[in-house]
Amino acid sequence: MSIVLKVGEARGQWWVDHMKALLPDQEIRFFLDPGNLDDVEIAVVWKPEPGWLKTMKNLKVIVSIGAGIDHILVDPELPKDIPIIRTTGDDLRVRMREYVTLHVLRHHRRIPEIYAAQETREWLQIIEPPMYERGVGVMGLGNLGADCARALSALGFKTAGWSRSAKSIEGVECFHGEDGFKAFLARTNILVCLLPLTPSTHGIMNKDLFAALPENSCVINSGRGEHMVDDDLIAALDSGHLRAATLDVFHQEPLQNDHPFWDHPKVLVTPHVASLIDPVAGGEIIAGNIRRFLAGEPVPDMVDVSRGY
Ligand code: NDP
Ligand code: OXD
């Protein structure tokens, strides 16, 4: 069985070595020197070039090196009916939980303004409401979003979540669908996006959404760059309606050198590191899913492609 790996070149050899150790019975190839692609039955990929997967005539399964599968579905020539397995697991949940709680607390305690005040030696004493009065809202209550919402609620925030289907999560006020969206936004002071990128969530963080948030709200986007309408965010920050934003994901990654987010005083840019998969923990999860797939066992991370995420 041949497996081809498509990952960033910088960490390519690391991934190949690690996957070879985890799957010693399989032939692991790197995408830059893949040999005859007709032999390849498993493609383990992050952002494969459009049209590339279709050249593998005997492909049996595609594995996303990531929780999201948008980077695969975006391929207009994606071969039909090939199952897709995504990558989830405790390691990814824990990392996202760290990132989200860190930045929610940062916005709650207004650290960006206090940090800026230090530049001018200003003694900026901000009196804030306690966390049980601060509405935090998580868009997307899946593997990552539900975990973050639970953690924020356990910390003491007035936590809500929004999803496509109805949910019940202890300590979290759950909203769903279009009907619940406005009410969810109206009670949210710090908004976290952990949605998958689909046609219905593309551009969801736009001027209408920002207008529906209370004055002085903050946003954290660790879903996908395409969820954000960049110009609308800048306008909402510049008008003072939004207080600050933390952005981990962008339309183009790395973020272009001349993008206004880099210098915006109310924006923190993090380089898609909220929950980065590494070959150690991620490799174990991917290898486990491949073993289960090859043994014909159920794979919990198998995606229902018809849902689009
Ligand atoms: P899941 O598929 O487990 O959960 C997705 C959630 O979004 C579900 O609750 C789903 O609702 C909800 N949802 C989907 N479409 C809609 C919609 N149209 N309206 C309302 N809710 C919707 O995904 P994960 O939690 O594993 O990951 C979420 C995303 O996080 C990934 O797709 C990826 O884009 C991003 N990510 C970012 C990382 C980073 O480092 N920045 C790392 C990992 C992931 P329902 O429950 O009803 O199906
Ligand atoms: C993912 C990501 O989807 O890292 O896992 O963005």
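This is a short tour of two sheets, a few strands and some aromatic contacts in one structure.

Ground rules before we start. This is a predicted model, where local features need pLDDT of at least 70, side-chain atom pairs count only at pLDDT 80 or more, and totals for chains, interfaces and linings use all residues. Residues are numbered from 1 along each chain as its sequence is written, chains are lettered from A and ligands numbered from 1 in the order in which they are written, and side-chain values use heavy atoms, with hydrogens and water left out.

Let's take the 7-strand sheet. It is open, its order is β8-β7-β6-β9-β10-β11-β12, and its pairing is parallel. Strands here are DSSP runs of E with at least two residues, helices are runs of H or I with at least four, and both are numbered from the N terminus. Two strands pair if DSSP finds at least two bridges between them. As a reminder, strands of a sheet pair through backbone hydrogen bonds, either parallel or antiparallel. Which strands sit at the edges? β8 and β12 do, and each pairs on one side only. On average, neighbouring strands of this sheet are turned by 15 degrees against each other, direction ignored. Axes are lines fitted to C-alpha atoms, for helices over the stretch in contact, and angles run from 0 to 180 degrees between N-to-C directions.

Now look at β6, residues 135–139. How many of its residues are buried? The count is 5 of 5. Buried means under 20% relative accessible area, exposed means over 50%, and partly exposed is in between, with a 1.4 Å probe and protein chains only. Gly135, Gly137 and Met139 point one way from β6, while Val136 and Val138 point the other way.

β6 has partners on both flanks. With β7 it shares 5 bridges, and the two run parallel. Val136 has Thr159 as its bridge partner in β7. Val138 stands opposite Gly161 there. With β9, residues 190–193, β6 shares 4 bridges, also parallel. In that strand, Val138 is partnered by Val192.

Move over to β7, residues 158–163. Of its 6 residues, 5 are buried. It joins β8, residues 173–176, through 4 bridges, running parallel. Gly161 faces Cys174 in β8.

What connects β6 and β7? Helix α5, residues 143–155, makes a right-handed β-α-β unit with them. Right-handed means that, with the strands pointing away from the viewer, the path from the first strand over the helix to the second runs clockwise. α5 lies across β6 and β7, at about 170 degrees to β6.

At the other end, β11 and β12 run parallel and share 3 bridges. Leu247 stands opposite Val269 in β12.

On to the second sheet. It is open too, with 5 strands in the order β2-β1-β3-β4-β5 and parallel pairing. β2 (27–30) and β5 (84–85) each have a single partner strand, so one side of each is left without a neighbour in the sheet. Helix α1, residues 12–22, packs on this sheet, touching β1 and β2, at about 175 degrees to β2. Helix α9, residues 281–294, lies across β1, β3, β4 and β5, at about 155 degrees to β3.

β1, residues 2–6, and β3, residues 40–45, run parallel with 5 bridges. Ile3 pairs with Ile42 in β3. Val44 is in β3 as well. Is Val44 buried or exposed? At 1% relative accessibility, it counts as buried. Leaving aside neighbours within four places in sequence, its contacts include Ile3, Val63, Ile286 and Ile290. Contact means heavy atoms within 4.5 Å.

Last topic: the aromatics. The whole structure has 7 aromatic pairs. Rings of Phe, Tyr and Trp (its six-membered ring) pair if their centres lie within 6.5 Å; planes under 30 degrees apart count as stacked, over 60 as edge-to-face and the rest as tilted. Phe30 and Phe31 have ring centres 4.9 Å apart and planes at 75 degrees, so this pair is edge-to-face. Both are buried. Phe250 and Phe261 have centres 6.3 Å apart and planes at 55 degrees, so that pair is tilted. Trp162, Phe175, Phe181 and Phe184 form one cluster.

Two charges sit over rings. The test is NZ of Lys or CZ of Arg within 6 Å of the ring centre and within 35 degrees of the ring normal. Lys6 sits over Phe31, its charged end 5.0 Å from the ring centre. Arg307 lies over the face of Tyr309, at 4.0 Å from the ring centre.
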